[in-house]
Every structure is written in structure tokens, then in C-alpha cells.
Amino acid sequence: MLKNICNLLICNTEETEPILKFINEFSVSDIISFLSMVFVIIGGCFGYHQWKKSVKIKRAEYLNELTEKIRTDDDISEMIYILDYDQLWYKDSFHQSGEFERKMDKTLSYFSYICYLFDNDLIEKSEFNFFKYEIDRILMNHSTISYFYNLYHFSQKCSAPITFKFLFEYGEKKKIYDKDFYDSTSKKYPHYLNF
């Protein structure tokens, strides 16, 4: 039956010549249309390549700004030195120190911002690696852990998010804090805030 339907479509009933004919003719306008489409596709690919390149350059410039701030900001570079050499800085007098507390909080906030960028996929792992050494040194510093201990329990008491949230959470992912850290009655850490 299918064969009969095909024969009806292709052949005339009185004649045996096919009704359908394929004409292999291209007009100049068809060729121009085709070439225009090819050039549009090539132009689109080139534009996409240029766009990706400009995005990479902007990311590199932004990364440079982030790293330069660590080196050129006097407050941050001074605090990095203290943190890197594991100096004891979180003492009872810290919260009355004024200028020193401001500098340390500024530094921790800056690195928390970098952790925020990484956590939200705004910088890639390879870009984050530019800051990993400093972040690891900050989080391994005994005074930083003691400070975070106090901030963590104070924020729990106030039902508020911890200050330097993203830096703190990065430390949690790296398992920096021991089980005593989460115990508000622990004698291992100093208690300088009211919680």
C-alpha cells in the first residue's frame, strides 16, 4: 500500500514521468545570503572570543587590586605580620585597645570578604589560591581562634550571625576548631566577651 501511495505522488496517472523535479539552481541572492550567514557566524565567534578575553582581563585586574591592597594598606600589612608570626594579640585589653582592634577587625573583614567571593563563586579556586596562605595563617593563629571563640558564643547569645562569617565558615570547612571551641563553658579559651 505504501508503495502505491509513493507511486501516486511521484508519477502522473496517464504518464510515467515524475511530477516532482529537483532544480539545482542557485541565484546570486542565495549565494550572498549564505555568505552573509557564514560571516555573521564567524563574527559572532570572534565577538564571543573577544568578550571572554576581556572578562579574563577584568578578573585579572580585580585580582591584582585585591592582592595589592594586602601589600599597600598599612593597617592590613601590619596585622598580617602579627598574624603570620603567631604573635599573641587577643588579650583582655584587646576590646579597649581602640586603634589596634580597628586594624585587626579591618584585616579580618577583608579576608572574610575574600572568602565570601570564593564561597559565592565570584573568584575561582586558582584565584583564591593567591590568598590561601594568608587565610590559613590567620586561621591557625591561636589569638584568632580565641577571638572567634568569643565572637561565636557572643553572637549565639545575641542570636546574630558571627562577625567575619565567611572567614569563620571557611575555618569550619577546614576543621580548624576543635570540639572545645563549641562549648561555651570551655576553660581552654579565654572569656573576654559577656556570653
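Start by selecting serine 186, which is buried, with a relative accessible area of 5%. This is a predicted model, so read every distance on this tour as computed from predicted atoms. Serine 186 sits in the segment after helix 7.

Show its side chain and then the backbone of lysine 188. A polar atom of the serine 186 side chain lies 3.1 Å from the backbone nitrogen of lysine 188. Now widen the selection to the residues that touch serine 186. Leaving out residues up to four places away in sequence, you should pick up Tyr149, Asp180 and His191. One of these, tyrosine 149, is 37 residues away along the chain, and its C-alpha is 9.9 Å from the C-alpha of serine 186.

**Next stop: tyrosine 149**

Click on tyrosine 149 and you land in helix 6, which spans residues 142-158. Is tyrosine 149 buried or exposed? With a relative accessibility of 0%, tyrosine 149 counts as buried, because the cut-off for buried is under 20%.

Display what surrounds tyrosine 149. Apart from neighbours within four places in sequence, its contacts are Asp180, Phe181, Asp183, Ser184, Thr185, Ser186, Tyr189, Pro190, His191 and Phe195. Pick out aspartate 183 from that list: it is 34 residues from tyrosine 149 in sequence, with 9.1 Å between the two C-alpha atoms. Then turn to histidine 191, whose side chain makes a polar contact of 3.3 Å with the side chain of tyrosine 149. Histidine 191 also touches serine 186, where you began.

**One step along: asparagine 150**

Stay in helix 6 and select asparagine 150. Asparagine 150 is buried too, at a relative accessible area of 0%. What does asparagine 150 contact, leaving aside its neighbours within four places in sequence? The answer is Tyr90, Pro190, His191, Tyr192, Leu193 and Phe195.

Zoom in on leucine 193 in that set. Its backbone nitrogen is 3.1 Å from a polar atom of the asparagine 150 side chain. While you are here, keep Pro190, His191 and Phe195 on screen: they are among the contacts of asparagine 150, and they are also among those of tyrosine 149.

**Over to helix 4: serine 112**

Now select serine 112, which is in helix 4. At 6% relative accessibility, serine 112 is another buried residue. Once the neighbours within four places in sequence are set aside, serine 112 is in contact with Phe164, Lys165, Phe166 and Leu167. Keep Phe166 highlighted, as it turns up again in the lining of the largest pocket.

**The largest pocket**

To see this pocket, select Cys115, Phe118, Asp119, Lys125, Phe128, Asn129, Lys132, Phe166, Glu169, Tyr170, Lys173 and Lys174, which line it. Which elements give two or more residues to that lining? They are helix 4 (99-119), helix 5 (125-140) and helix 7 (165-173). The volume of the pocket is about 170 Å³.

Try colouring the lining by residue class. You will get five nonpolar residues, one polar and six charged.

**Two backbone oddities**

Go next to aspartate 86, in the loop between helix 3 (74-84) and helix 4. Its phi is near 50°, a positive value in a residue other than glycine. At 34% relative accessibility, aspartate 86 counts as partly exposed.

Lysine 175 is the other one to look at. Here phi is positive as well, at about 55°, although lysine 175 is not a glycine. You will find lysine 175 in the segment after helix 7. Its relative accessible area is 70%, so it counts as exposed.

**Zoom out**

Finish with the whole chain in cartoon view. How many helices and strands are there? The count is seven helices and zero strands, and the pattern along the sequence reads α-α-α-α-α-α-α.

Switch to a surface view and you are looking at about 13600 Å² of exposed area, with carbon and sulfur atoms supplying 59% of it. Of the 195 residues, 29% count as buried, with serine 186, tyrosine 149, asparagine 150 and serine 112 among those you have visited. As for contacts between residues at least 6 apart in sequence, 67% of them join residues at least 24 apart.

Methods
Residues numbered from 1 in each chain as written. Predicted model: local features only at pLDDT ≥ 70, side-chain atom pairs only at ≥ 80, totals over all residues. Heavy atoms only, no water. 1 Å grid on protein atoms, 1.4 Å probe; cavity = no way out; pocket = protein on both sides within 12 Å on 5 of 7 lines; lining within 4 Å. Points joined across faces, edges and corners; volume = space filled by probe spheres on them. Helix = DSSP H or I, 4+ residues; strand = E, 2+ residues; numbered from the N terminus. Nonpolar A, V, L, I, M, F, W, Y, C, P; charged D, E, K, R; others polar. Buried < 20%, exposed > 50% of the residue type's maximum accessible area, 1.4 Å probe, protein only. Polar contact = N/O pair within 3.5 Å; in protein donor to acceptor, adjacent residues only side chain to side chain. Contact = heavy atoms within 4.5 Å. Areas by Shrake-Rupley, 256 points an atom, 1.4 Å probe, with all protein chains shown as cover.
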